[in-house]
Amino acid sequence: MCGIVGYVGSQSALDVVLAGLRRLEYRGYDSAGVAVLADGQVAAAKKAGKLGNLEKELTEHPLPSAATGLGHTRWATHGGPTDVNAHPHLDNAGRIAVVHNGIIENFAALREELRARGHRLESETDTETVAHLLAEDYSSCGDLAQAMRLVCLRLEGAFTLVAVHADEPDLVVGARRNSPLVVGVGEGESFLASDVTAFIDHTRTAIELGQDQVVELRRDGVAVTGFDGSPADVRTFHVDWDASAAEKSGYASFMLKEIAEQPKAVSDTLLGRIDASGTLSLDEVRIPPQVLRETDKIVIVACGTAYHAGLIAKYAIEHWTRIPCEVELASEFRYRDPILDGRTLVVAISQSGETMDTLMALRHAREQGAHVLAICNTNGSTIPRESDAVLYTHAGPEVAVASTKAFLTQLVACYLVALYLAQNRGTKYGDEIRTVVTELAGVPEALEQVLDTMEPVRELARSLAGHDTVLFLGRHVGHPVALEGALKLKELAYMHAEGFAAGELKHGPIALIEEGLPVVVIVPSPRGRSVLHDKIVSNIQEIRARGARTLVIAEEGDTAVEPYADHVVRVPRVPTLLQPLVATVPLQVFACELATARGNEVDQPRNLAKSVTVE
Ligand code: F6R
């Protein structure tokens with residue numbers, strides 16, 4: 001959701017904060033603001049729109065130089081994206097500045113109380129109430145950290161808050177409940193941010209802030225306490241991403257860079273998880289083998305693209321382990337009163353590790369006694385911290401809002417989990433597991449081949465820029481791939497796009513087919529389950545007979561599709577269950593190119609945010 005940066009040290013706070021915000025802009029980009037402490041005053045600037053608008057404002061109306069400051073890039077929840085609603089928010093005396101990520105659920109009641117006590121609130125945001133509450137508590141205790149603790153105890157909901165006070169020029173105070181905040185510890189300087197990419201140019205030493213904690217940031221170090229004032233244990237960790245991993249490295253967009261990084265992301269995710277004898281050792285999965293052997297149901301919870309990874313994983317898990325597997329949208333999970341107990345393994349998939357819907361689903365699962373395994377790309381984030389075990393995907397930072405490399409590595413992690421369970425329960429022989437592991441090891445090369453042959457896909461995408469609708473069809477694991485292709489197109493090209501199970505078409509959606517309608521069809525390998533392949537070839541004929549323009553993704557050597565395909569995109573031969581790894585890539589390239597041809601900004605599509613930390 002929103003991105004937050006705080007700094008205290010000896011550099012220009014404004015420079016550090018703006019550079020950090022640039023890295024965090026993917027989190028939210030409908031307005032931005034900064035505040036610095038200079039000459040005993042708070043000096044602030046904020047603007048609706050992209051960060052560039054704020055930077056222009058700062059060039060026209062510079063802020064005084066300062067060594068303490070904070071900044072915010074917003075994804076609106078309460079109140080539209082206007083200058084007034086942008087953060088930071090100040091109290092009436094203009095002595096306190098606050099930025100916030102999350103939602104304060106009891107803000108309406110708090111605002112009424114404040115108004116009754118004579119406070120003037122100018123914005124429609126929940127955040128502004130915090131600035132006023134802090135001002136009241138500060139006036140009685142004269143201690144910003146204590147005022148923050150007192151205010152946090154009155155707030156309901158999810159929040160990260162960062163505040164400065166004009167009377168405490170060398171202090172930044174942060175607080176966190178159910179929303180991300182990491183601390184960076186430098187030499188004579190300290191940082192706070194929604195994620196480490198904001199400060200990796202300055203320090204690689206970071207501290208995970210726990211739930212319900214307040215941090216005081218000073219030049220010479222940090223102090224962490226609970227909301228009740230008790231000192232907290234701090235766990236530092238080393239950030240091993242390098243700064244260039246978070247830059248575009250010459251690509252026109254982060255999305256293109258991240259698509260290109262997929263072979264490496266997949267091989268990094270496999271690295272170190274298979275020993276020389278082909279045995280899987282997932283060291284992070286600290287759920288006792290006995291528990292895994294007794295598991296009688298697997299439930300995967302996730303959102304969006306991660307949910308599609310889960311839908312594909314179901315086929316592999318059930319086939320290799322014979323354990324029934326359900327896949328559920330995390331946002332729906334806890335509301336249907338799911339049947340869970342100590343023999344249920346819940347797998348929570350999340351790139352960011354901060355998605356609130358997924359977090360709430362896993363909390364519900366743990367309350368019911370289920371064991372939770374997280375598949376996550378972000379070290380130190382909340383979802384792995386609150387799970388019983390974690391398998392990290394090693395995709396590196398994913399900055400573009402549309403998920404690409406994280407999706408492929410989530411798939412790889414799911415395959416590893418499925419094989420690990422099969423190994424543990426003896427549902428597959430060692431040599432069978434080794435065969436799949438060898439096939440997985442060949443995927444990075446297959447992905448390189450796909451990426452090398454994408455020019456015709458780009459051309460095709462450009463030729464479709466004027467269309468309004470594209471449909472996607474698949475069967476078996478190709479069905480979630482179709483859903484993912486449609487999601488990418490919706491979010492990037494703002495087009496009507498839908499994915500269907502090809503067999504379901506005749507039960508209604510075939511009425512949508514009209515002359516020239518582009519339909520992308522993901523064709524399973526004829527070598528795997530030939531019945532699947534034959535059925536989908538018939539589906540292609542059905543839609544073509546009704547005028548559809550058929551864009552077919554099929555493996556090399558599959559000539560059966562040629563008579564019915566207007567365009568064929570070839571992908572390398574891989575086993576049926578692994579085909580989503582190679583078949584998704586052309587769909588990512590297709591959506592990215594089509595969106596660009598329509599003049600859309602692919603890294604930051606409208607209305608979206610990278611990390612959705614509200615329900
Ligand atoms: C789509 C996309 C989203 C995310 C979803 C879950 O391209 O990126 O649908 O997949 O918001 O996010 P994570 O994986 O961070 O939990």
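**The ligand shell and Ser253**

Me: Which helices each supply at least two residues of the shell around the ligand?
Reply: This is a predicted model, and what follows should be read with that in mind. Two helices each contribute at least two residues to the shell: they are α9 (304-321) and α17 (478-493).

Me: Which helix gives the largest share of the shell around the ligand?
Reply: The shell has 13 residues, and S350, Q351, S352, T355 and E491 come nearest to the ligand. By class, four residues of the shell are nonpolar, seven are polar and two are charged. The largest share, three residues, comes from α9.

Me: How far is an oxygen atom of the ligand from an N or O atom in the side chain of K488?
Reply: Two backbones can be considered beforehand: an oxygen atom of the ligand is 3.2 Å from a polar backbone atom of V401, and an oxygen atom of the ligand is 2.9 Å from a polar backbone atom of S403. For K488 the partner is instead an N or O atom of the side chain, and the distance from an oxygen atom of the ligand is 2.8 Å.

Me: How much of the accessible area that the ligand has on its own does the protein cover?
Reply: On its own, the ligand has 410 Å² of accessible area. The share of this area that the protein covers is 88%.

Me: Is S253 buried or exposed?
Reply: S253 is found in the loop between β14 (235-238) and α6 (254-260), and, leaving aside residues up to four places away in sequence, S253 touches K248, V602 and D603. The relative accessible area of S253 is 6%. Because residues under 20% count as buried, S253 is buried.

Methods. Residues numbered from 1 in each chain as written. Predicted model: local features only at pLDDT ≥ 70, side-chain atom pairs only at ≥ 80, totals over all residues. Heavy atoms only, no water. Near = heavy atom within 4 Å. Polar contact = N/O pair within 3.5 Å; in protein donor to acceptor, adjacent residues only side chain to side chain. Areas by Shrake-Rupley, 256 points an atom, 1.4 Å probe, with all protein chains shown as cover. Helix = DSSP H or I, 4+ residues; strand = E, 2+ residues; numbered from the N terminus. Nonpolar A, V, L, I, M, F, W, Y, C, P; charged D, E, K, R; others polar. Buried < 20%, exposed > 50% of the residue type's maximum accessible area, 1.4 Å probe, protein only. Contact = heavy atoms within 4.5 Å.
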